[in-house]
Amino acid sequence: MVANTKNRRLPGFRLKPLHVINPFTVRNALWLSLPAGIILTGIMTLGHLDTSTWTIASSYHPALSLALNCGLFFVLFLFVFSVVKSKLPVAWRFVLASVGSLLIAAIFSLLSVGLQHVVYEGFMVEQAYGSNVIKDGLIVITTIMITLLIFSLNHRHQMMLENERLQSENLLVRYETLESQLDPHFLFNSLNTLSGLIGMDDDKALEYLQQLASTYRYTIQQNKLVPIEEELRFADAYLYMMNIRYGSNLRVVRLLDGVEGFVVPISLQQLIENALKHNVISDKHPLEIRVEATDKSTLRVSNRICPKETTASEGIGLTNLDKRYELIAGEHISMHSDNEMFVVEIPLIPRQKAMEILEKMKE
């Protein structure tokens, strides 16, 4: 059964609630209104400037024009933003924003013309009346276009976040599926060995059961990377159980002086178990497994091939291990086989990289 993913994460694929910044706020409406009003006022002032006859009373007063333009922009942005944030269908939101903005602009134009008459005491130039309508129409169009652009960018950002979240959840489910396959596999093989001892050597069976309980605690830990020293201790406990079954016919040679790094848990045990599963182990055909560090920052596990006739290899265990390495550390294991030797190398993750991965898991 796949474990609950609510509070678990993989490095690089953090599972977080979908936090989307809301761009349709009063503050953003204000920040958009100021530069838009300034630009429009500047264009209007230049368009009506006649240096030979220009006076404050015969043209647009820049300060009043700026206040009116910014005010209309602000009111329209607030209205359109409120419509965009509603739960209406997108088409209805667009229609409501357009019609409502036109009505607001029409009312605002009438009020602004009256205000200009009062301020300038009737000395406004005739062209100013028609320009109000054109100007406010441009403000409506500009407001709707800017809002549509923001809506489009925000929607695209939401989709990217949602896709990232779905990818993260998919990877986490895949990883936990691999883990759920791994634990029963280990337990089944261990219990199978235990069943062979019961009735034949009860003292060894009891000792084996105690070691099994100890080692199984390691398999259910939550860490996704462990120091190589910790993995070696677990492998030694596992080999202790296997030596009860196979005796001197199983030999493991370790060449690991000064080895450092982190590995995916149960990886070394899984490689040893793979060798035991697929090779004959008897007085005539003892099995020697070599575990050694390489100059490529990998851990190499090798053994001579003496295949069991009744065992068909599907490679599920090694595929599982490779996928766990890929999901956790972005690394892959390597395998090589000929008529004599079977060799698997697993990456040794440097301490700094391992610490970064483990730190991300805690976030």
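In this predicted model, Cys70 counts as buried because its relative accessibility is 13%, under the 20% limit for that class. Cys306, at 22% relative accessibility, counts as partly exposed. The structure holds zero disulfides.

Two residues with positive phi are set out below.

| Residue | Phi | Loop | Relative accessible area |
|---|---|---|---|
| Ile266 | about 70 degrees | between strand E3 (262-263) and helix H7 (267-278) | 4%, buried |
| Ser297 | near 60 degrees | between strand E4 (287-293) and strand E5 (298-304) | 47%, partly exposed |

Ile266 is not a glycine, yet has a positive phi. With a relative accessible area of 4%, Ile266 is buried, and its place is the loop that runs between strand E3 and helix H7. Ser297, likewise a residue other than glycine with a positive phi, lies in the loop between strands E4 and E5. Its relative accessible area of 47% makes Ser297 partly exposed, because that class lies between 20% and 50%.

What volume does the largest cavity have? The value is about 40 Å³, and the structure holds one cavity of 30 Å³ or more. The lining of the largest cavity is formed by Leu271, Asn274, Ala275, Val301, Asn303, Phe342 and Val344. Two or more of these lining residues come from each of H7, E5 and strand E7 (341-347). H7 gives the largest share, three residues. By class, the lining has five nonpolar residues, two polar and no charged.

Methods. Residues are numbered from 1 along each chain as its sequence is written. This is a predicted model: local features need pLDDT of at least 70, side-chain atom pairs count only at pLDDT 80 or more; totals for chains, interfaces and linings use all residues. Side-chain values use heavy atoms; hydrogens and water are left out. A disulfide is a pair of cysteine sulfur atoms within 2.5 Å. Buried means under 20% relative accessible area, exposed over 50%, partly exposed in between (1.4 Å probe, protein chains only). On a 1 Å grid over the protein atoms alone, a cavity is a set of points where a 1.4 Å probe fits but cannot get out, and a pocket is an open set with protein on both sides within 12 Å along at least five of seven lines; lining residues have an atom within 4 Å of a point. Grid points are joined across faces, edges and corners, and a volume is the space filled by probe spheres set on the points. Ala, Val, Leu, Ile, Met, Phe, Trp, Tyr, Cys and Pro count as nonpolar, Asp, Glu, Lys and Arg as charged, and the others, Gly among them, as polar.
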